[in-house]
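This briefing covers nonpolar packing, charged side chains and cysteines. Please consult the sequence and structure shown below.

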Amino acid sequence: MNWLRKIISKRERLVVGLMSGTSMDGIDAALVRIRGSGEETEVRIEEFICREYSDTARRFLLSHDSLDTAAVSDLNFLLGREFADSVFDLLSKAGLRTTEVDLIGTHGQTVFHNPPSHGGVSSTLQLGEADIICEATGITTVGDFRTRDVAAGGEGAPLIPYLDRLLFGRIGRNIIAQNIGGISNCTLVTNNLGELLAFDTGPGNSLVDSVVRFASNGKSNFDKDAAIAKQGSVRKDILHKLMKNPYFDMKPPKSTGKELFGDRMARELFAFVEEGSVSLPDLLRTLVEFTVSSIVLAYDRFIRPRANIEEVVLSGGGARNPVMVSSLREKLSPTRLCLLDEYGIVVEAKEALGFALLSNETVCANRANMPEVTGAREATVLGKISIGKNVA
């Protein structure tokens, strides 16, 4: 175990966190300086980038539902190289060599997620082979974080509450850390850490992004600054039907993904635009409101009965959507709503930071899945380790 001692014996470690979310819009890469482990961990982001996928990788990803076994295998290795390239780009921006980095934590790209709450065989699959990243960079790499929690009977998500507790647990207020990525998830953090509650609230940006992609024939992947949605009005009849989704009635622990709020649903909704019964701006504005309404409903049903919400801190791509933020602020008033930027962390960087932190916990043999959040039978160490040339 000499390789392990080389990492954990350091007073502080430089760790790269890699994240590609449900929107599949690119790879977030954060260079994080980490001191300590467990509840005393200190983290600071040194650099951050978002690297777009290559055209080849994006084509594979957008068609992953129809890929055969050979193509899925190819995609796993192809994404590994994409993640490795994002490490090189990040370190180039930071002016560092790979030999100066101690660890990489990679979430990979989720292509299938069927947690226990959905029935059937519980499973989850993230692609972006950690061995490829490790071999290309020479840096010890931790990946495949979600599978151990699912193996222990958990949802495999959300895992970022471990970071949320570290960031907000000592502030002294009841705070909801609300991330709006492809899927939206929230974490309630209070002074009493036993009250920690976290779950996926429902759709984030995934439906809007998919509809924009359909409407532009793949030329655009999202509605930049909500330019199209700003021109539309909420179709209350469509919103009313969307809000009847059974997922919203399920009690936490629960998680979801594009299997429910993804291309299939987006295609059905975009058909209204194609047939002329709904305009594109109206549909996008309605889908933005769908995300906001599902978040507010989740708070009302599952959080407010437990705690008074004093502050909501937004992160993820949805925090850059002015229509989404404005509507959420209005519906939550007078509760304070702010962006994670106010806490010194770029809103897009939070989940990459989270997986840097989780990789640090893995090599320190700390249990980080938080069963009270995921529903697992027990706390367990997450992730699989590929030993790099930096320690071997």
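Which side chain of opposite charge is nearest to Glu361, and how far away is it? The nearest is that of Arg13, 6.7 Å away, and Glu361 is buried without a salt bridge. The model is predicted, so local features need pLDDT of at least 70 and side-chain atom pairs count only at pLDDT 80 or more, whereas totals for chains, interfaces and linings use all residues. Residues are numbered from 1 along each chain as its sequence is written, and side-chain values use heavy atoms, with hydrogens and water left out.

**Surroundings of Glu361**

- Glu361 belongs to helix H12 (residues 350–363); helices (H or I, at least four residues) and strands (E, at least two) are DSSP runs numbered from the N terminus.
- Buried means under 20% relative accessible area, exposed over 50%, and partly exposed in between (1.4 Å probe, protein chains only).
- In the charge count, Lys and Arg are positive and Asp and Glu negative, while His and the chain ends are not counted.
- The side chains of Glu361 and Tyr162 share a polar contact of 2.6 Å; the term denotes a pair of N or O atoms within 3.5 Å, and within protein one must be able to donate a hydrogen and the other to accept it, with residues adjacent in sequence counting only if both atoms are side-chain atoms.
- A polar atom of the Glu361 side chain also lies 3.1 Å from the backbone nitrogen of Gly38.

**Salt bridges**

- The structure contains 25 salt bridges, each a side-chain nitrogen of Lys or Arg within 4 Å of a carboxyl oxygen of Asp or Glu.
- Arg35 pairs with Glu12 in a salt bridge, with the closest N and O atoms 3.0 Å apart.
- Because Arg35 lies in strand S2 (residues 27–35) and Glu12 in strand S1 (residues 12–20), this pair ties together parts 23 residues apart in sequence.
- A network of salt bridges links Glu12, Arg33, Arg35, Arg44 and Glu46.

**Nonpolar cores**

- The largest nonpolar core has 91 residues, and Leu287, Phe290, Tyr299, Ile303 and Leu328 have the most contacts inside it.
- Such a core is a set of buried Ala, Val, Leu, Ile, Met, Phe, Trp, Tyr and Cys residues joined through side-chain atoms within 4.5 Å.
- Helix H10 (residues 280–303) gives the most to the largest core, with 13 residues.

**Cysteines**

- Zero disulfides are found in the whole structure, a disulfide being a pair of cysteine sulfur atoms within 2.5 Å.
- For Cys186, the nearest cysteine sulfur is that of Cys338, 15 Å away.
- Cys186 is buried, with a relative accessible area of 0%, and Cys338 is also buried, at 1%.
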